[in-house]
Amino acid sequence: MANSRVLVVDDDRVLRQTVADALRLGGHVVLEAHDGAQAIEMATREAFDLVILDINMPRADGFTVLEKLRRRRPSLPIIMLTARDEREDVVRGLKLGADDYVRKPFGLEEFSLRVSAVLRRAKMTGESGAVSCGDVVLDPDSATVSHAGEQIALSPTEFRLLHHLMINSGQVLSKNHLLEAVWGIDYETTSTVVETYVSYLRRKLDRPEHEHLVTVRGFGIKFEGLS
């Protein structure tokens, strides 16, 4: 999606400008922030279509910025950058609602493809219209979900996962499929992320009389609405 407004946040000036220049060449409007505090202020004050966010920064690290932005801009797509290779960092970022993770050093071509994929997924979710499966109704336009007429509060990642399961209602979707479709990734380090988010959704949606999220052992997960 060219002409998207992107905020690049990194205290490394050379890397920040390299990423920003690559995005500008791709047709995006890019603003830069040199630390976490500035990023929070800018993303709260102005509208962006995407944030590129480094983890290791002064004045609020990337995880702190991610948590604050998720509360203030729940649907804002965010890609994390990290030079660290710890599995816990990747899982933590994804659980906090990051849309993708890119490890440094990275090639600009791969980076541009990931940016396009995240923007495309955000656009598709926003344009797909309300989805109804039995007593569950999901509306991307208002970012709301209701179950048997009651509003259910979901995080952005929970919302995207439920949306994908609902538009494929009745189909068994593998873990790798969901990682690619919802998170845009297929990392060995994220092996528990799908299970974790499915458990979150189960606690909010499933009832003793009906299980919406069904595990088909050895194959994957499917969503079943009430018949």
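Which residues in α8 are buried? In this predicted model, where local features need pLDDT of at least 70, side-chain atom pairs count only at pLDDT 80 or more and totals for chains, interfaces and linings use all residues, the buried residues of α8 are V193, V194, T196, Y197, V198, L201 and L205; buried means under 20% relative accessible area with a 1.4 Å probe and protein chains only. Residues are numbered from 1 along each chain as its sequence is written, and side-chain values use heavy atoms, with hydrogens and water left out.

Helix α8 (a DSSP run of H or I, at least four residues, numbered from the N terminus) has 13 residues and reaches 18 Å from its first C-alpha to its last, close to the 18 Å expected at 1.5 Å a residue, where the expected span is 1.5 Å times one less than the number of residues.

The two cores are sets of buried Ala, Val, Leu, Ile, Met, Phe, Trp, Tyr and Cys residues joined through side-chain atoms within 4.5 Å.

| Core | Residues | Members named |
|---|---|---|
| Largest nonpolar core | 49 residues | L7, L53, M80, L161, L165 and W183, which touch the most other members |
| Second, separate core | 17 residues | V6, V19, A20 and I52 among them |

To the largest nonpolar core, helix α8 (residues 193-205) gives the most, with six residues. Leaving aside neighbours within four places in sequence, W183 is in contact with residues including V193, V194 and Y197, as well as L94 and L161, contact meaning heavy atoms within 4.5 Å.

Definitions and conventions. Buried means under 20% relative accessible area, exposed over 50%, partly exposed in between (1.4 Å probe, protein chains only). Helices (H or I, at least four residues) and strands (E, at least two) are DSSP runs, numbered from the N terminus.
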